Amino acid sequence: MDVTDVAKVVVPLPVVLPLIAAGLTLALWRHARAQRIIATAALSLVLVTAVVLLVAADSGPVVVDVGEWGAPVGIDLVADRLSALMLTVSSFVMLCVLLYSLAQGVADGDEEAPVAIYHPTFMVLAAGVFNAFLSGDLFNLYVGFEIFLAASYVLLTLGGTGERIRAGSIYVVVALLSSIIFLVAIALTYASTGTVNLAQLSERFAEIDPGVRLTIQLLLLLAFGIKAALFPLSSWLPDSYPTAPAPVTAVFAGLLTKVGVYAIIRTQTLLFPPDSRVDELLMWLALLTMVIGILGAVAQNDIKRLLSFTLVSHIGYMIFGIALASEPGMAAAIFYVVHHITVQTTLFLVVGLVERRGGSTSLDRLGGLAKLAPGLAILFFVPAMNLAGIPPLSGFLGKLGLLEEGVAQGTPLTWALVVGSVVTSLLTLYAIVKAWNKAFWQTPPVEIPEGVTMPRGMVGPATALVAFGLALTLVAGPLYSYTERAATTLLDGHTYVDAVFPDGSDRGQGESSEVAEDGDGS
Amino acid sequence: MNVIDMTPSLVLVLAIGVLFAAGVYLLLERSLTRVLLGFILMGNGANLLFLVAGGRAGGAPIVGTTPDEEMSDPLVQAMVLTAIVITLGLTAFVLAMAYRSWQLHGHDEVQDDLEDRRVARHAARNAPAFEDLDTEESGQTLDDEAAEVHDETDGDGDGITDARLDVPSARGDRTASGGTPGGADGTDDAGTGQDEGRER
């Protein structure tokens, strides 16, 4: 039994395990310890599964028909290189965040009300995110989105304080709107093609009227753009994220926007034939997202808000890579996604520690932390420099790949983006250095409390993530070639389809004749 | 292979349009309850859109009870069912949030975000800089003054149009009786303004 056979069996586990864990933790809401063990075990198993898939997917996409129903009729889960990579990184990050939040919950002593609901919700969030990564079906992708969105609403308004309800209502309303847009896009897709299976869609979209196709493409882009916080659709993000508890903000910032980016990559490459107009639009959006996002960050005086704006800004890099629509560009974009999930989550977790040590996240009330807590200073400094893209860290490598390809394509627009990327990178450095100077170097404007101990359980996961970020630099060679192979299969268009339909696209006929008619009959 | 009749029913299409229009309108409101109603309307609009996407309605899609050609598409119904369940859950959540907001603040209006409030504070702080020195003692700002001046000219402008279009009967005699247009204009306009004031 080689790794592919194992992989076939374990593909559904990333969705199933967290859901089971969610049910169990909800039933065991009185037993905080049992909840912790179950949640940690579930995410650890998912991480193992993801690594197995990462290896298996390198020799071809792993496809599982749920309930033994063939692809056009049944729903299938597909783990190709991109999915497996996203799954691995996100499950590792979520595990670290979970451990961090456990320690925080224990340290704060509030093991009662919020924590009882925290674990089930966190598990549901994980299931939704992983389902979105694995889905081979547009409607199942929508369901994945809804699962993690519903969980995110609960996590964002945890405790129901006034500020969280205010920020949460904006977040929820915007997310509801994007869901409706997504739903409309699916309905139009089904009306025009008669299927929602991604592999089948990639064949059928080529045959339908280009105008209808462009409409659906832009609708999907709009829905995912809201999720990914692309510039004109991004203003909800810096307002809603910072109010949540540190671990929640960390996992939202690291993962939820990237699920939007993943969905953009998946739909733009697999479903729609290359269209230079859409690429051009994406480039403009990428440029605006980068520059306007980082200008927002420069103006901020609170580390959490500052980081939220850099988050928006750096989404622009990934969109830049997607818009280049070439293998090197896509490879750099995927590499950047992996880097950014790690580094952004790390920074938010570390800021949680800063808040704990310094009593605030406002740069006007922090100071002298480098002296008071040198370990914390290192934990902040390394990912911060990584975010700004200082060589030789992984952020630099991702940006370098993007710039190289931008210069290689050499159109005026890509040159504008290259300049925009560099400017954004410098401004990120400026914003980060400003935060560093104020929080860690200036003489404290107000008394920083002495003798605050930071629980080892919180420092540990944060350190692990910092180390993981550094490890990304160390393994950058193999990782980058992996993302290059992922980009190749994404852009060649037939690998995914062949994996889902090994006997050609009429596999449904083997299942039942009525089914085939239904599938073809639009 | 038989082709599904995809001609949509006009009633459904109109209903979708109305639901979406009303939904968008409500979604732009400040009150969370109205936003929720807007979301429900739009959600139902999307559900109807799925029905249209499934082609013409037919019999129950069960082999044996309905001939193949007359079956309606079961897949869209399954998708609509899922969407309805999701909408239900989210509706419950938003209701809870609106209730919590009402508990805390006594209303369920979505507040301005931090940046908006900061901009508003900036504007308030900068307002004195724009005050005119002459009007400082009377407590009037340039803006207030401008508003008043604007009112007068507004009336003036209206007066002219009124004079030319609407009230020739009232003053037509005077103009006709030989007042020179250049000299008379000012007084005439003032008069019209007053006339107008009285009429209102």
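Does Ala229(A) count as buried or exposed, and how many C-beta neighbours does Ala229(A) have inside 10 Å? Hold that thought for a moment while we get our bearings. What you have in front of you is a predicted model, and the predictor gives the complex an ipTM of 0.86 and a pTM of 0.84.

Now back to that alanine. Ala229(A) counts as buried, because 27 C-beta neighbours sit inside 10 Å and 20 are enough for that label. You'll find Ala229(A) in the loop between helix H9 (210–228) and helix H10 (237–240) of chain A. Its backbone is a bit of a surprise too: phi is positive, about 60 degrees, although the residue is not a glycine.

Chain A has another alanine of this kind. Ala325(A) is also not a glycine, and its phi is positive, near 55 degrees. Look for Ala325(A) in the loop between H13 and H14 of chain A. Here the neighbour count is 19 C-beta atoms inside 10 Å, so Ala325(A) counts as partly exposed.

Let's move along chain A to the loop between H16 and H17, where Pro392(A) lies. The peptide bond leading from Pro391(A) into Pro392(A) is cis, with omega near 5 degrees. After this loop comes helix H17 (residues 394–409) of chain A, which has 16 residues. From its first C-alpha to its last, H17(A) reaches 23 Å, close to the 22 Å expected at 1.5 Å a residue.

Which residues of H17(A) are buried? Starting from the front end, they are Ser394(A), Gly395(A), Leu397(A), Gly398(A) and Lys399(A), followed by Gly401(A), Leu402(A), Leu403(A), Glu405(A) and Gly406(A). Plenty of helices help to cover them: helix H13 (303–324), helix H14 (327–358), helix H16 (374–388), helix H18 (412–441), helix H19 (456–474) and helix H20 (476–492) of chain A are included in that cover. Just after H17(A) you meet Gly410(A), with a positive phi of about 65 degrees.

Next, jump back towards the start of chain A to see a pair of helices packing together. Two packed helices are described by the angle between their axes and the distance between the axes. Helix H2 (residues 13–27) and helix H3 (residues 32–57) of chain A pack at about 180 degrees, and their axes are 9 Å apart. An angle over 145 degrees counts as roughly antiparallel, and that is therefore how H2(A) and H3(A) are arranged. On the H2(A) side, the contact uses Leu13(A), Pro14(A), Leu17(A), Pro18(A), Ala21(A), Leu24(A) and Thr25(A). Facing them from H3(A) are Gln35(A), Ile38(A), Ala39(A), Ala42(A), Leu45(A), Val46(A), Thr49(A) and Ala50(A). By class, this contact has 12 nonpolar residues, three polar ones and no charged ones.

Time to bring in the partner. Chain B has seven helices and zero strands. Of its 200 residues, 21% count as buried. Among the contacts in chain B with a separation of 6 or more, 56% are between residues 24 or more positions apart.

How confident is the predictor about this chain? Chain B averages a pLDDT of 71, with 62% of the residues scoring at least 70. Among the elements of chain B, helix H1 (residues 10–27) has the highest mean pLDDT, 94, and helix H7 (residues 181–199) the lowest, 42. Over residues 150–200 of chain B the pLDDT is below 50, and beyond near neighbours in sequence this stretch has 22 contacts in the model.

Finally, where do the chains meet? In this interface, 29 residues of chain A are in contact with 36 residues of chain B. Helix H6 (138–156), helix H7 (162–193) and helix H23 (513–520) of chain A each supply at least two residues of chain A's side. The largest share, 16 residues, comes from H7(A). Sorted by class, the side of chain A that touches chain B has 16 nonpolar, seven polar and six charged residues.One pairing across the interface is worth following up. The axes of H6(A) and helix H3 (residues 74–105) of chain B come within 11 Å and cross at roughly 10 degrees. H6(A) and H3(B) are therefore roughly parallel to each other. From H6(A), Phe139(A), Val143(A), Glu146(A), Ala150(A) and Tyr153(A) take part, meeting Met79(B), Thr82(B), Ile86(B), Gly89(B), Leu90(B) and Phe93(B) of H3(B). The residues of this contact divide into eight nonpolar, two polar and one charged.

Terms used: Residues numbered from 1 in each chain as written. Chains lettered and ligands numbered in written order. Predicted model: local features only at pLDDT ≥ 70, side-chain atom pairs only at ≥ 80, totals over all residues. Contact = placed C-beta atoms within 7 Å. Helix = DSSP H or I, 4+ residues; strand = E, 2+ residues; numbered from the N terminus. Nonpolar A, V, L, I, M, F, W, Y, C, P; charged D, E, K, R; others polar. Axes fitted to C-alpha atoms, helices over the stretch in contact; angles between N-to-C directions. Parallel < 35°, antiparallel > 145°, perpendicular 65-115°, else oblique. Expected span 1.5 Å × (residues − 1). Buried ≥ 20, exposed ≤ 12 C-beta atoms within 10 Å, placed from the backbone. pLDDT = per-residue confidence, 0-100.
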